[in-house]
Amino acid sequence: MKGTLKYLKPYSGTVVLGLIFKFIGAVSELLLPMVLEYVINEVVPRRNVKMIVLLGGLMLLFSLSALLSNIYANRLTVKSSGNMTHDLRYDLFERISYLKSRQVDGVGVPSLISRLTSDSYYINQMVARTLRLGVRAPILLVGGIIITFIEDVYLALVLLACLPVVAVTLYFISRKSMKIYTEVQRRGDDLVRDMQENVTGVRVIKALSKEQYEREKFDGIATRLADEEYRANKVMSLSNPLATLILNMGLVAVIIVGAVRNIEGGTILAVLSYFVIILNAMIAFTKIFVVISRGSASAQRIEQVLKLDPAETCGGYPDGDPAYEIEFRDVSFSYNGVRENVNGVSFTVKRGQTLGILGGTGSGKSTLINLLMRFYDVDSGAIYVCGKDVRNYLAEELRKKFGAAFQSDFLMASSVRENVDYGRRLEQADIDRAITASQAEEFVTGLDGGLDCDLSQKAANLSGGQKQRLIIARAIAGNPEICVLDDVGSALDYRTDAELRKALARYYPSSTKVVVAQRVSSVKHADLIIVMRDGEISGAGTHETLLEECEEYRQIYSAQMGEENA
Amino acid sequence: MPERKINLSDKRTFQRRKVDKRYVFRHLLSYLKPYALLIILIFFANVASTLCTLFGPDLCGKAIDLIGKDGGTDFAGIGYYSALLAGLYAASALLAYLSTIGMGYISRGIVRRMRCDVFARLSRLPVGYFDKRQAGDVISVLSYDIDTVGESLANDIIIVLKSVVLIIGSLVMMLTIAAPLLIVFAVTIPLSLIMTRFIVKRVQPLFRKRSQKLGELNGFVEEIITGQKTTKAYCAERTFIDKFEEKNRQAIDAYARSEYYGTVSGPCVGLVNNISLALISVFGALMYMNNPAVMTVGRISSFVLYSRKFSGPINEVANIMGEFQSALAAAERVFRVLDEQPEPEDAPDAEVLSNVRGEVDISDLTFGYLPGKPVLKNFSLHASPGDVVAIVGHTGAGKTTVINLLMRFYDADSGTIRIDGKDIASVTRSSLRRAFTMVLQDTWLFAGTVYANIAYGNPDVTREDVERVCKEACIHSFITRLPQGYDTVLNENAMNVSKGQKQLLTIARAMLYDSPMLILDEATSNVDTRTEKLIQQAMRRLMNGKTCFVIAHRLSTIKNADKILVMRDGNVVEQGTHKSLMAGNGYYASLYHSQFESY
């Protein structure tokens, strides 16, 4: 919480000013019943018409001052809470942008997203509401109590006796209901998940004629949610009638005590008015309580991310052989520290050569790319790019050398051009060439607006193969020194895949290419092919040497090409 | 209900158009009907509760008047009134609570029924409905829209009812206490109405804008964080931070602007209350001086209390009208889904397809997803029982469309499909679909245990069956290495199941269903070649004796097919076996060769 509230500091001037006006507003409201009482108790018996009108005018004045200062104060608090949230969100987004991949794994992408969206939203709400109600409520509460004490000590004591009862009741109710609400939320998530599954799996469900089964399953989920909601409703609905009842009973007590002590009618009336004000203040308090407890949970989640240190270490490692563009030297690595994902991998690639990485699912192909681009650091061994350990580069300096298309890469909901450019401000000619080479030209020209055609979210208006080609275009558009294509051929048919390879060789001859694939045909032509299996290299060489020496390669090849070609 | 899904709600609020109120109320009424008796009870409880509180100020005033100036207090009278007051307040609280939870009960019941109805309707809709829509839109109807309706039912109705009783009741009370003082409201009521109208008018578009901007921000964040690795790879962090800054600023500004106006209403209500108070005290005092017999201090005090009860609800109702509007719009979206055309019922004389041999005869099929844009033109095909039919061609050539029509996910525009000589339009859908087993490229698993995912609601399946098919699909050893084996719960975040493993799980599921016909749509595209080789035998066993339709990119997988259809732009351009097609040296041969081409 502290780390979040720090963000309010630059706006402390606005906050304080807002509080001052809130104070003025609250005091004006508090004074009104006092004037009313004075009119009834003092002025009316003296039949002073002029005074009555004068005091009526004073009440109007107080009303206006309450209005204006409240509105102004609200504006100030909205402004300061908005600005504060803006700054917090900015820092959070910036921090997340620079987080290391391992840190992102640790928190999880969906969680990061919700921290940046709903959590920051709740904090905005919390600060705004607390500033708005949090000052008014205590002022009205304390002020109301003080004034009733001035009016009459005994009546005030009656009032005071009611407050803790109300407070405790409300506290328990909101605590209990918050617990139930977490349950409601969980059940609600179940419902949404089930629906999501049903929408995405509609073909499977229909194919197996499981509609009835799914309907019954959903019925159960919906019923459980409704039950929880009803339970929450039963508890939550208690707060209002109970609080009103307690205070109304206090009201009755005030009348009785007033009668016993023979207090003037005007005084009793005033105390009754303060009673209402105090009741409202109490209700405001419970609202603040809910907002703060939710907000502080959010603040915690945000601060947890802000505390992560995204800085990469840099330097201090010996250099490798500058003759090679890429060199892996006995590299081992594990994501979770239990099982080695990559074990003792060594190979070298010269500038302009093509490296093919072949292997099955989970054999460690993509991990090699993650290590090469230093999304993760090796556990042992070393990786050199241009003869320099990747850990000696500044992150930016290293990654500028690369153009990469990842497995399950993403496209933004913006124009084709922006997706290819990706914030690098490339030349038009570079983009055009990349579109041509990636075999995307044919469909991009057909799009409404060509390069400026806007893609929908997750590029849903493109087919799998079209998306893949744009992702490849992005990878090569910057004329990268090293071009990484991680299993991008899978969504392309063989012919397009072959055209792509030809175009890459023609348009980007000096780029070193790293091609990860499951298909032999995608890497067959490479200068060096390494075959990965369970994180280790089970064979390395050219297509021809591998066919001779590597049993596994031969197997894969014959399986894919059909027996007579083997 | 707390804001469960902010981003879902946002998209909806600004797609506003005129709501067909009669349509909505007609539907709503049918949901309310079963609760008619309870609703009437609640109505009376609520009116009674409100009336109880209404008498409060009057009794207070009477009690205060009994306090005599110098010791002449009528204690018996005060005791009587106090007891009466306490009883009334207690009754009022109890009745209020009962009517609130009663309404909560009703609204939960209705929400539950609505959800089940919507879900049931959705499950009966044709596949095309989902192909045309984003999953998020469909889900938001089921969760957010129905929640909104439920909230409104639970809270708004009670509040409106209570407010109306309060307004009328306190007006009557004030009339009996001091009719002339009502003049005060000639000033304050129009004032408050004008103010609320003004504010609501101003605020509504601002709130819509705020939701829209927040939705944009959320969408952007989701996109960029998901693609963080790409952003890092291109060192584009700064660019996106700047872009984010722009969206962030806009969202904050829209929020602030709506709040500026939104928070005006509170103080305005306060102002009207305070003005009433000032005017009442001035006029009340003047009347008291004029004729103390007509106007007592006690009366002034009750009048003041009533005036507070009077102006509060007016503003509350004005505020609720906005919520009511959005609830109506939400209800309309819900009912529109309920009125969607389901898959046409099976013909009354529809046969149940049984003992299928697997002879498939497709003749002259033409079909387009959009009118005038045929994807399939005059498509014909004959498959004898046990045949393996492969369909090849570029993306978009119409391969998957054939499957959609075979399964009757869509109905053809013209032409017929016969299975064992029976037109599939004349058999029941479920029996038709049960005649096929389908393995798709998109692997579909749900949140549940591995076992549940494979058995998928089939009560006849034993644990041994599941383990057997898993062994055949070469996924058994992977499953046993999971923390809880077959009882491990699959969900998106926690587990590291690769695409290939997911596909093996769906293949295992398909193996459990012993249907006479099989559809494999890129069924092994995510499985690496080694594993594919391993499960080949199992696949062969799965295909054994069945009529199979196979779609594959990898031409090696279909070389042994009895019949290969080569599709291009919705037409079958070549047909034959691998050998005959290669000998023909046409389109198929060029497709086939391209996979061996080096550059």
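How many bridges join strand β9 of chain B to β10(B), and do the two strands run parallel or antiparallel? I will start there, and I should say at once that what we are looking at is a predicted model. Strand β9, which covers residues 517–521 of chain B, is joined to β10(B) by five bridges, and the two strands run parallel. If you would like one pair to find on the screen, take Met517(B), whose bridge partner in β10(B) is Thr547(B).

These two strands belong to an open sheet of six strands in chain B, and reading across the sheet the order is β6-β9-β10-β3-β11-β12, with mixed pairing. At the edges stand β6 (436–440) and β12 (571–576) of chain B, each of which pairs on one side only. If we ignore direction, neighbouring strands in this sheet are turned against each other by 15° on average. For those who have not met sheets before, strands of a sheet pair through backbone hydrogen bonds, either parallel or antiparallel.

Chain B also has an open sheet of four strands, in the order β2-β1-β4-β5, and here the pairing is antiparallel. Its edges are β2 (376–383) and β5 (422–423) of chain B, and each has a single partner strand, so one side of each is left without a neighbour in the sheet. Within this sheet, strand β1 (residues 360–367) of chain B pairs with β2(B) over five bridges in the antiparallel sense, and Ile362(B), for example, has Leu381(B) in β2(B) as its bridge partner.

To put these sheets in context, chain B contains 20 helices and 12 strands, and 46% of its 599 residues count as buried. If we take the contacts in chain B with a separation of 6 or more, residues 24 or more positions apart account for 80% of them.

One residue lets us look at a loop beside the six-stranded sheet's strands, namely Asp562(B), which lies between β10 (547–551) and β11 (563–568) of chain B. Is Asp562(B) buried or partly exposed? Asp562(B) is partly exposed, because 15 other C-beta atoms lie within 10 Å, and a residue needs 20 or more to count as buried. Leaving aside residues up to four places away in sequence, Asp562(B) touches Asp387(B), Val388(B), Val389(B) and Thr577(B). By contrast, the C-alpha atoms of Asp562(B) and Tyr234(B), which are 328 residues apart along the chain, are separated by 49 Å.

Let me now turn to the contact between the two chains, which takes 139 residues from chain A and 130 residues from chain B. On the side of chain A that touches chain B, there are 70 nonpolar, 41 polar and 28 charged residues.

A good place to see the two chains meet is where helix α3 (residues 49–98) of chain A packs with helix α10 (residues 265–290) of chain B, at an angle of about 175° and with the axes 9 Å apart. The two helices are therefore roughly antiparallel to each other. The residues in this contact divide into 18 nonpolar, six polar and no charged. Among those that meet are Val49(A), Ile52(A) and Leu60(A) from α3(A), and Leu271(B), Ile275(B) and Val282(B) from α10(B).

Chain A has a helix α10 as well, covering residues 365–372, and seven of its eight residues are buried, so this helix is largely enclosed by the rest of the structure. Its buried residues include Lys365(A), Ser366(A) and Leu372(A). After α10(A) comes Arg374(A), which has a positive phi, near 55°.

That last point deserves a word of background, since most residues other than glycine have a negative phi. Gln439(A), which is not a glycine, has a positive phi of about 65°, and it lies in the loop between α13 (428–437) and α14 (441–444) of chain A. Gln439(A) counts as buried because it has 23 C-beta neighbours inside 10 Å. In chain B, Arg408(B) has a positive phi of about 55° although it is not a glycine, and this residue sits in the loop between α12 (399–406) and β4 (414–419). With 19 C-beta neighbours inside 10 Å, Arg408(B) counts as partly exposed.

I will finish with the domains of chain A, where the assignment gives domain 1 (2–306) and domain 2 (326–565). The centres of these two domains, taken over C-alpha atoms, are separated by 54 Å.

Conventions: Residues numbered from 1 in each chain as written. Chains lettered and ligands numbered in written order. Predicted model: local features only at pLDDT ≥ 70, side-chain atom pairs only at ≥ 80, totals over all residues. Buried ≥ 20, exposed ≤ 12 C-beta atoms within 10 Å, placed from the backbone. Contact = placed C-beta atoms within 7 Å. Nonpolar A, V, L, I, M, F, W, Y, C, P; charged D, E, K, R; others polar. Axes fitted to C-alpha atoms, helices over the stretch in contact; angles between N-to-C directions. Parallel < 35°, antiparallel > 145°, perpendicular 65-115°, else oblique. Domains from an automatic or database assignment. Pairing = 2+ DSSP bridges.
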